[in-house]
Amino acid sequence: MASTIAPIAPQFDDAVQQRDASNLGIWIFLATEILFFGVLFAAYAITRTQHTAAFAAGSRLTDLSLATVNTALLLTSSLTMALGVYAAQSGARRALVRWLSLTVILGVAFLVIKGFEYHADYVEHLVPAVDFSYPGAQAGEVELFFYLYFVITAIHGLHVFIGVVVISVIAVMASRNAFGPAYFTPVDLTGLYWHLVDIIWLFVYPMLYLVSRS
Amino acid sequence: MDHVEFFPAAASTVAGTIDDIYFVWLALSAAITIAIAALVVIFAIKYRHGSKADRNVASGEHYEHTLHRIEITWTLVPLIIFLAMFLWSANAYYQSAAVPNDAVPVYVVGKQWMWHIEHQGGQREIGELHIPVGRTIALVMTSQDVIHSFSVPGFRVKQDVLPGRYTTLWFKATRTGDFRWFCTQYCGAAHSRMIGRVLVMEPDDFERWLALSDTAGSMAAKGAARFRQFGCSGCHGPSANVHAPRLEGLFGKPVQLQDGRTVLADERFIRDSVFLPNKEVPANYEPIMPSFRGQIDEEQMLEIIEYLKSIENVPQGGQR
Amino acid sequence: MSSISVAQHDNYLTADFRLWSWLITLDHKRIAVLYTVSITLLFFIGGAAAAMIRLDLLTPYSELVSIETYNKLFTMHGVIMVWFFLIPSIPTTLGNFLLPLMIGARDLAFPRLNLLSWYLYVIGALFAIESLIAGGVDTGWTFYTPFSTMFSNTHVFAAVTGVFIAGFSSILTGLNFIVTIHEMRAPGLTWFRLPLFIWAMYATSLILVLATPVLAMTLVLIAVEHFFHIGVFDPALGGDPLLFQHLFWFYSHPAVYIMIVPAMGVASEIIGCFARNRIFGYRFMAYAMLAIAGFGFVVWGHHMFVSGQSAYAGTVFSLLTFLVSVPSAIKVFNWTATLYKGHISFEAPMLYALGFLGLFTIGGLTGLFLASLGLDIQLHDTYFVVAHFHYIMVGGAVMAFFGGIHFWWPKATGRMYSDAWARLAAIITFVGFNLTFFPQFIVGYLGMPRRYPEYPPEFQIWNVLSSAGAVILALGYALPLFYLFWSLRNGPAAPSNPWKAKGLEWQTSSPPLPENFLRTPVVAEEPYSYSTGGSTDG
């Protein structure tokens, strides 16, 4: 299929400059996201070091199977996203739309399962400040674990949601032939964002669900 | 207006060094500021637009080399001065921070917006601290609510007072008199009224003051009563039917924990054991101790600690 | 290059007069003007709070306002001045306006992100103003826990939200600047031919982009904890108030370099021009700003020497703080050396720049007092600290900002202002500033704590002197409003290069065309080639 050449924005001299600028821009943005999540990782690490036993107890109350399924879904979605970028690069419009749609479906599935997980936490009285009860002397510290659990997974989930929306928009644009080998920057940039969201989950998952579980 | 003050009284053993560092910085800063200002003024006049000064600038490799040397020099000279001052002031800090062995503890609980003091003998004060001149005093401090800070400018001491943990501050007054005491960490509406006076007295006067003060018994005695009141002796006493550590001879000794670490049984350890008992479980014991958060207040906790200090030299009874 | 006649082409101001065109503009110069208007407004709100503070402190008892109101005044003063004035000031006004011009570009890399930045700033400011109108916040701009999260019942949530949103404005500006400088320099404009103002924007943008996200997330944690009343900063459940301080200062220390590095860039431009001399040690100056930006990330614990932080941590932070002072010292020496064998004139921008030089020197030196571990115990949380940071941020950054406004006013507006009035304002500001803040060093060592509406009567004289200075300082800040606005209507038309300065921005018309240059310039000169001739025709 014929591919579209996007116009060069007036501030740029040529398409190369435009593409280089966009690439540098997205990498800087990804750096800001890493620092953004870094705060949560630091807060978690430090609080965990101060209350190791309680946090281990909290870990054991999380739903490992749902989280593992979610990890598989997200990893797969990164694969489909990468295949989408490759399709864009090759000018394969239908494949591009297919891979992007699949990525969206996997992302939505992640969020749905997360929803089930949150619901189960609520039923088990593990939602801090809203409905929390835990027997024993470390109730307060376990509540702190769940506070961090909800804040971290919710903020990550928000990023997944934003990604799903953006990829959907890109998929619609792709179906209208907006991209081709000469211009697929938005697909590329979105892919990078999605991979970062996945990588962040790869830190969140062991941190919350795996460490000291046994 | 009352009389004007320019400089605070120097009334402690560390004040001299702190003031020396201050004056050296003052001299260095004045010298550098005057030098820069003088150069700016001289250049501004000599090289003002239209003046007949010689503006021939050399060029070439030798000149560039000289310029480079100048840059390196005025990079290294400040660096060396800074490092010297760093070492001197870090050393002064360690003097101020390390509590001497002969220090007598006084307990401080800060709360919005007043200071509660309790001496070992049980004497209580609010907003006033009586101490004898020439004695090393170590304040063991905590907050009941937000972060406060204990500051006595005349002694050149200051330390934040935190909720949930103990911080310490020591000083030895070198003069009698009244010295201002401020809270120096913003803590809410009446932060500026959370002030007091440190009254440094001659030793005899201080003993007299102690004797005359109302007290319901020494802190350790009150602590012993609390120990029974809150049921501690139920598990930690001789007739307990629960496997709990005996606390005689515990304070100040190292404790082996379940996870293999060894910690010191200091004030912090005792407090955490009472409020966060699962945080550091001693080896060979189960994590069955309940938490007393919300039941014991900070002052009661300090009395219990004093009690445990009073039995720190009692040989441990038979372990169960 | 010959001057462009304004009559032949519309400039960026006259291209479209409708208000709507301003609100949807993508022109970096118009966005700079939008920012200038907004931050000026916020500056005067923050300044009003300062005026109330200094008036209340005339007497030892808080007789003008209640102590609760006083606490809200210093909080709002800090929040507004730090996040809604100083942090945006030079980068969003002078930076936005000049960056493309100085590198020969038509605009920034991402004009739409630039406009979004401004809207985010405005929305953030509206939240902050709402919190003010609704009754104010009393936590201090530092929001220490657990007071801000568990004890304060003022409008913390709104204020924190405002700062959070404004933070994204900062991040997008920084991102835009970095990409623009990397990708859009004119032919021949290598890195070491860049004006030092561009190096300053670059170093500042690195900090903006890396530090602000940390603040953003820390604010989220504060907001959640304040709302739900549980969190990791409250010891009641096992949290740690010191964790908040570490996270907060990890951003807020680099933030002060966001405030001063742009001022250093402005100072270099002005001093080079009015001394008509190469900046001494250009490469050292550029590297110094990068070093400040880098080292600035590892010194945050010097705000926490008496916080309960370990002595070892304190030692490391003290050493690193001394190291970060060295590049600033180098810059002061280099600016002074730039005057040597120059041809110096004393127009208003130069007076502001020289004022910056002196006051920044004093402010920087007093930072060394605070970096000294042992001495900091006496000085921490006293007026000594207040004086130190005002010397840098107000005596330094604000003076340089005013200098920059005066330097580039003809370029941006096409009008000349009265240099006599401007010089008077500069001198009044300098005198007023010193009278306001120097006594605070004295009363600080005496032990007068910060954030105190009431103080021992023996400290009154120093407070009265300081408040008297504040009146003079206020006059110095108010004056430019009059003669600068007057110049917009009545000032003589400005030529392209009224100061005969070097730099690409002076090679285009005053005011510039919407697209900046008719033809992309090609650069063959070293920067600041004043004494070696080269073109300054405009």
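These are my notebook entries on a predicted model, taken chain by chain and then by interface.

**Entry 1: chain C overall**

I began with the secondary structure of chain C and found 16 helices and 0 strands. I then looked up the extent of the C-alpha trace, which spans about 70 × 45 × 45 Å along its principal axes. Next I asked what radius of gyration a compact globule of 538 residues would have. The rule gives a value near 24 Å, and chain C has 23 Å, so the two agree. For burial, I noted that 67% of the 538 residues in chain C are buried. I also looked at contacts in chain C with a separation of 6 or more. Of these, 85% are between residues 24 or more positions apart.

**Entry 2: helix H9 of chain C**

I picked out helix H9 of chain C, which covers residues 241–275. What span should its 35 residues have at 1.5 Å a residue? The expected value is 51 Å, and the end C-alpha atoms of the helix are 51 Å apart, so expectation and model agree. I did find a bend in H9(C): about 30°, at Trp249(C). I checked whether H9(C) is covered and counted 34 of its 35 residues as buried. Just after the helix comes Arg276(C), and I wrote down that its phi is positive, near 50°.

**Entry 3: where chain C meets chain B**

I looked up the contacts between these two chains: 67 residues of chain C touch 71 residues of chain B. Which helices of chain C each supply at least two residues to this side? I listed H3 (67–86), H6 (147–151), H11 (311–339), H12 (348–371), H13 (373–379), H15 (419–445) and H16 (460–490). The largest share comes from H11(C), with 14 residues. By class, I recorded 38 nonpolar, 23 polar and 6 charged residues on the side of chain C that touches chain B.

**Entry 4: where chain B meets chain A**

Here I found 8 residues of chain B in contact with 7 residues of chain A. The chain B side of this interface has 4 nonpolar, 2 polar and 2 charged residues.

**Entry 5: domains of chain B**

Last, I looked up how chain B is divided. Domain 1 is written in two pieces, 15–42 and 62–97. Domain 2 runs over 104–212, and domain 3 over 219–310. How far apart are the C-alpha centres of domain 1 and domain 3 of chain B? I noted 51 Å between them.

Key:
Residues are numbered from 1 along each chain as its sequence is written. Chains are lettered from A and ligands numbered from 1 in the order in which they are written. This is a predicted model: local features need pLDDT of at least 70, side-chain atom pairs count only at pLDDT 80 or more; totals for chains, interfaces and linings use all residues. Helices (H or I, at least four residues) and strands (E, at least two) are DSSP runs, numbered from the N terminus. The expected span of a helix is 1.5 Å times one less than its number of residues. The bend at a residue is the angle between axes fitted to the seven residues ending there and the seven starting there. A residue is buried if 20 or more other C-beta atoms lie within 10 Å of its own, exposed if 12 or fewer, and partly exposed in between; C-beta atoms are placed from the backbone. Ala, Val, Leu, Ile, Met, Phe, Trp, Tyr, Cys and Pro count as nonpolar, Asp, Glu, Lys and Arg as charged, and the others, Gly among them, as polar. Domain bounds come from an automatic or database domain assignment. The radius of gyration is taken over C-alpha atoms; the globule rule is 2.2 Å times the number of residues to the power 0.38.
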